[in-house]
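Here is a short briefing to read alongside the model. Please keep the sequence and the 3D view open as you go.

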Amino acid sequence: MILFHPPSVRNCEPPVALSRLAGALKAAGEPVSLIDGAAEGLSYLTEQPSRDKENLQAARLYRSRNHIQDILTTSRGYENFDRYKKGLSDYSRLLNKSLPPEINLTPADYRHDRLSPLRSKDIRQAQSLPEENPFYPWFSSRLDSLLSDGEIYLGLSINYQSQVLTGAAIIGYVKREYPAVKILLGGGLISSWARTPGLENLPFNADQIVAGRGEEAVVRFCQRDYAGSGTPWFGDLYTNRYMNPVASLPYSAANGCSWQRCTFCAEKWEAYPYWERPAQEAARQLATLTEKYEPGLIHLTDSEISPALMMQLTETPPGVPWYGFSRFLKEMTDPAYCHRLSASGCKMLCLGLESGDQNVLNSLKKGISLDWVSVILKNLKEANIGTFVYLLFGTPAENQEAALRTRDFVWKHREYLDYLNLAVFTMPRISGETGEVATSDFYEGDLSLSTDFVHPAGWSRKEVRRFLDREFRGEPELRAILKRTPPVYTASHAPFFL
Ligand code: SF4
């Protein structure tokens with residue numbers, strides 16, 4: 001079976017979803033080929049000459065393409081933040097130089113002026129005219145070399161909107177040129193769509209769509225008996241050039257989030273059945289993978305690293321620095337626990353704080369207390385663990401006074417924060433709260449997973465954005481934290497600047 005991760009998504013490590021599916025297929029005895037479109041597709045674009053032959057700047061970019069990529073793939077680029085940002089902007093221009101003006105690509109996004117990944121008719125158009133996709137020459141020849149050998153099963157994993165139009169073009173190409181090939185479609189975004197009432201009839205011409213954990217489905221799809229999830233397998237993906245100064249090993253030990261209660265989060269409303277690999281087994285797999293692939297960093301990709309796995313890592317450290325998402329756990333109020341985490345290799349934690357107002361946190365069902373958060377942030381700093389803190393403004397429970405309390409809380413703890421992410425709330429279309437407020441569709445398209453709503457306190461998105469610009473970014477010390485937060489690759493590159 002061929003497993004394909006369409007571009008464009010961050011090309012700094014192999015796709016964890018493919019490694020999990022490949023592990024299950026190998027355990028069932030199925031031969032597997034893996035294609036990471038983020039790495040291969042973007043690399044293909046860097047090699048294309050500029051559309052505008054007269055453009056000297058584009059010609060210069062093309063000649064410097066190796067040097068530009070060296071900035072993002074060697075430690076030199078991470079020694080100086082300004083050099084890094086310049087390298088990043090050159091890299092984005094390098095990717096775009098051969099593209100038509102209606103397409104704008106970054107290493108993390110793909111935008112088309114006329115086609116939206118959230119409109120069924122645009123997806124159908126991308127599917128019926130695959131040669132109009134800028135990755136067409138690359139993916140068609142890549143698939144020809146594998147499918148002409150008689151391969152008949154293809155699995156596509158689509159997790160982000162930026163993959164949708166190219167994923168549709170790949171499906172359209174395969175169905176037209178190789179009608180006997182059977183296509184299985186899954187991934188995080190496909191699962192969210194499939195679980196949203198009213199969106200079940202997706203416009204993709206796939207033979208089967210799978211929502212949720214795909215290991216068993218992918219094995220059965222290619223007529224094999226499921227023999228368990230196996231050990232993740234990356235094949236020769238590490239021969240790709242990933243935009244990271246060290247090889248990063250992504251590892252997922254769970255499906256969904258064990259907390260699953262936060263009212264603003266799709267995890268709660270999609271009611272994804274939670275699954276978690278036993279912590280000892282996860283630690284054993286990490287040890288095996290670390291020995292095999294010799295990474296310089298481990299990325300634990302779960303929505304939240306389970307408390308059991310966190311504890312296990314302190315007992316059997318993987319021997320390589322690691323980072324990932326965690327809740328603010330009560331255990332972290334103990335300085336000794338944070339020191340043990342640090343000793344296990346924990347380099348950075350991504351932590352969802354959302355609000356610095358306890359009433360808002362209670363209403364969001366975050367299950368955390370600001371008193372703990374204060375202690376935890378200090379403990380993590382003392383233990384030399386970096387923090388990437390996520391804030392969310394404009395939830396139904398928040399008003400401007402509460403948002404000011406968040407700003408003040410963050411300001412008070414500024415010396416303990418390494419990076420910040422600010423987001424404006426969008427209400428999941430399937431949220432139970434849609435019944436409590438007046439809602440209306442965003443203009444985005446029929447496949448939008450969020451809905452616009454009238455804020456009960458008049459705290460509209462426009463007001464929230466104005467607040468963030470004036471009151472939050474207006475504070476020099478908070479602006480400084482935001483300015484040192486890596487753009488585009490964000491948390492994926494943040495550990496290298498600590
Ligand atoms: S802890 Fe994070 S992933 Fe889990 S429900 Fe809350 S916001 Fe969602």
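Axes here are lines fitted to C-alpha atoms, for helices over the stretch in contact, and angles run from 0 to 180 degrees between N-to-C directions. Contact means heavy atoms within 4.5 Å. Helices (H or I, at least four residues) and strands (E, at least two) are DSSP runs, numbered from the N terminus. With that in hand, helix H18 (residues 461-472) lies across S14 and S15, running at about 155 degrees to S15.

This is a predicted model, in which local features need pLDDT of at least 70 and side-chain atom pairs count only at pLDDT 80 or more, while totals for chains, interfaces and linings use all residues. Residues are numbered from 1 along each chain as its sequence is written, and side-chain values use heavy atoms, leaving out hydrogens and water.

**The sheet**

- Six strands form an open sheet with parallel pairing, in the order S8-S11-S12-S13-S14-S15; two strands pair if DSSP finds at least two bridges between them.
- Strand S8 (248-251) and strand S15 (419-424) are the edges, each pairing on one side only.
- From one strand to the next, the twist averages 20 degrees.
- Strand S14 (residues 386-393) joins S15 in the parallel sense over 6 bridges, and valine 389 has leucine 420 in S15 as its bridge partner.

**Helix H12, lying on the sheet**

- Helix H12 (residues 279-293) lies across S8 and strand S11 (297-300), at about 155 degrees to S8.
- The 15 residues of H12 reach 21 Å from first C-alpha to last, close to the 21 Å expected at 1.5 Å a residue; the expected span is 1.5 Å times one less than the number of residues.
- Buried residues of H12 are Ala279, Ala282, Ala283, Gln285, Leu286, Leu289, Thr290 and Tyr293, where buried means under 20% relative accessible area, exposed over 50% and partly exposed in between (1.4 Å probe, protein chains only).
- These buried residues lie on the same side of H12 because they cover an arc of only 160 degrees around the axis, the arc being that of the directions from the helix axis to the C-beta atoms.
- Gln280, Arg284 and Glu291 are exposed on the other side of H12.
- Packing partners for the buried residues of H12 are S8, S11 and helix H13 (307-315).
- Just after H12 comes glutamate 294, with a positive phi near 45 degrees.

**Helices H3, H4 and H5**

- The axes of H3 and H5 come within 10 Å and cross at roughly 105 degrees.
- That crossing makes H3 roughly perpendicular to H5; angles under 35 degrees count as roughly parallel, over 145 as roughly antiparallel, 65 to 115 as roughly perpendicular and the rest as oblique.
- Gln57, Leu61 and Tyr62 of H3 meet Asp90, Arg93 and Leu94 of H5.
- In helix H4 (residues 65-73), Arg65, Ile68, Gln69, Ile71, Leu72 and Thr73 are buried, and the buried residues of H4 pack against helix H2 (37-46), helix H3 (56-63) and helix H5 (81-96).

**Phenylalanine 325**

- Strand S12 (residues 322-326) holds phenylalanine 325, which counts as partly exposed at 30% relative accessibility.
- Leaving aside residues up to four places away in sequence, phenylalanine 325 touches Leu300, Asp302, Ser303, Glu304, Ile305, Cys350 and Tyr390.
- Phenylalanine 325 and isoleucine 35 are 290 residues apart along the chain, and their C-alpha atoms are separated by 26 Å.
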